[in-house]
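User: I should like to understand the terms applied to this model. Please set each value against its definition.

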Amino acid sequence: MKLRLLLAAVAGLVGAAAFPKAGIWPLAFVSVAGLSIAVSGQRPRRGALLGLVYGAGLFLPMLHWTATFVGSAPWLILVFSQTWYLALLGAALPVVQRQRFGAVLSAALWVAEEALRGRLPFGGFPWGRWAFSQAGSPLKWFAALGGAPLVSFAVALVGTLLAGAVLRSEAGDGRVRRGGQLVAAALVVLIGGSLAYPLRQDAQQGRSVTVAAIQGNVPDRGLEFNARRRQVLDNHVAQTLRLAADVKAGRVPRPSLVLWPENASDIDPTTNADAAAVIQRAVDAVGVPILVGALIDGPGPEHVTNAGIVWMPSSSAAPGPGQRYVKRHPVPYGEYIPLRSLARAVNSKVDLVARDMLAGEGDGLLTQTPYPVGDVICFEIAYDSLITSSVRAGAQLVVVQTNNATFGHSAETYQQLAMARLRAVEHARTVVQVATSGKSAIIGPDGRLVAESGPLFTADVLVRTVRLSSSTTLATRTGAAAEWILVGLGLLGLAAGARARRARRAGSGPAARPARQERGTGDRGRERIGSRSGGAAPDPGDHPDLQRTREPAADPGAGALGGARGRHPGGR
């Protein structure tokens, strides 16, 4: 068991390196394979423990950015909350691994785990889905067919097939069967890559426009940056005036739309005349609408909304603030505090969120802009339905307004950028991520970085001609259909596996009891069964010979991992 625990922990750490900053995407396959091998042949209770250890190895380094300025308590609590989903997965995997097509069923259970974790509690936390590690992988093209869930399924399928090849080798299965597992894993990757040409061709249709993203920077890093709110606003005005000067001098083309990030104005410009005046000055200087990220006070003194406001030039028919998008999924414990009194007992810094943010409604589509724009704010990029609703409503360009200054130089902004790159492929849309302090980027419909800002915490202006699109991918049209199909497949496999497990136990139980009685009765008999020294009997889950006396051997052809049940990855 110790070797299994070690393998689970190492597999989790390897999985974390598949995500940015390291971003070594093939390690996702290795990580899935490691957990599959660790839990193979284990009882659900032990599988759950192994999944818990694996989850700690995965999420502790991946989510360390949450501790950047608030200490370790929130980070550890978040990690602890996420690891329990992996514990459920660890308990479920051994049940389906013995089934026919066990690799497929195991991969479907990975999708089910991500679906649950992305919805519960408080709307879920989808960070760390395997799809978000594949922005530079051939598997990213599956996103255009079935969204992020299909990409995660492909990653998990490659990993479970690799694990099957390893387990078959230890079980002494033939080379042909082991080779078949490896060939199947390679085919998944090759099929993903083969989708690139037709999908890339579809994404290149549409008219071209020029957009500009303003990264104004912040005066201070960490949670106190907005104590100098006017300076943040002035920084974005200054960079916009610089852009206007460059346009006038002919150094850059005039954009049709200028984008500011989340929190560009933490002074409510709808009630503060001074803030409104400087924004209007910037808009008039560049002569086109600006999508302004701003905090809007109210309703009431205890609430606030996070909005993107289309601000029109004075020369337009309706100058000033116009249509707005209000963030639909505020972050619990980041933008509003559930159970505030309890949270305060854990960390007093929760009161830095003095007012709870209210959620907006709608589909995220802005139409007062020169062309339909789908807007999401910060962490919303991780939620499938929010992006899909905007594109379905007619968005031809997707914008991610974000403020990552509160996470310093951590991996958070790079992980978020990887999500935006996958969304571009998923919906065949140009995506512009605009951040206060970085990383800002313009992403093509194929997921490539067309332009990106320089080092974090520097000011920058990105101006590029991009392609709009009104076509829709299969993923956009079908929404969460692929996810629910895969979740259903995994749950059906789990139910079938549990039923087969009960049948095996019922069939082998009566025969096992007399065999034990023949070997001795009372304390002395138990000592002989356990060990010569009188110790406890070894657990069948750790010893393949004992396990073979407990239940019949699996059919080597029954599923990807079927022929190797009970084999320890490190030998006896």
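User: What follows H2, and what is the sign of its phi?

Analyst: Gly 41 follows H2, and its phi is positive, near 80°. This is a predicted model, in which local features need pLDDT of at least 70, side-chain atom pairs count only at pLDDT 80 or more, and totals for chains, interfaces and linings use all residues. Residues are numbered from 1 along each chain as its sequence is written, and side-chain values use heavy atoms, with hydrogens and water left out.

User: What makes residues 27-39 a helix, H2?

Analyst: Helices are DSSP runs (H or I, at least four residues; strands are E, at least two), numbered from the N terminus. H2 has 13 residues. Its C-alpha span from first to last is 19 Å, close to the expected 18 Å, where the expected value is 1.5 Å times one less than the number of residues.

User: Why is Phe 457 called buried?

Analyst: Buried means under 20% relative accessible area, exposed over 50%, and partly exposed in between (1.4 Å probe, protein chains only). Phe 457 has 9%, so this residue counts as buried. Its phi is positive, near 60°, although Phe 457 is not a glycine.

User: Why is Leu 339 called exposed?

Analyst: The relative accessibility of Leu 339 is 55%, and therefore it counts as exposed. Leu 339 lies in the loop between strand E5 (320-326) and helix H11 (340-346), with a positive phi of about 50°.

User: How do you know that the peptide bond from Gly 298 to Pro 299 is cis?

Analyst: Its omega is near 0°. Most peptide bonds are trans.
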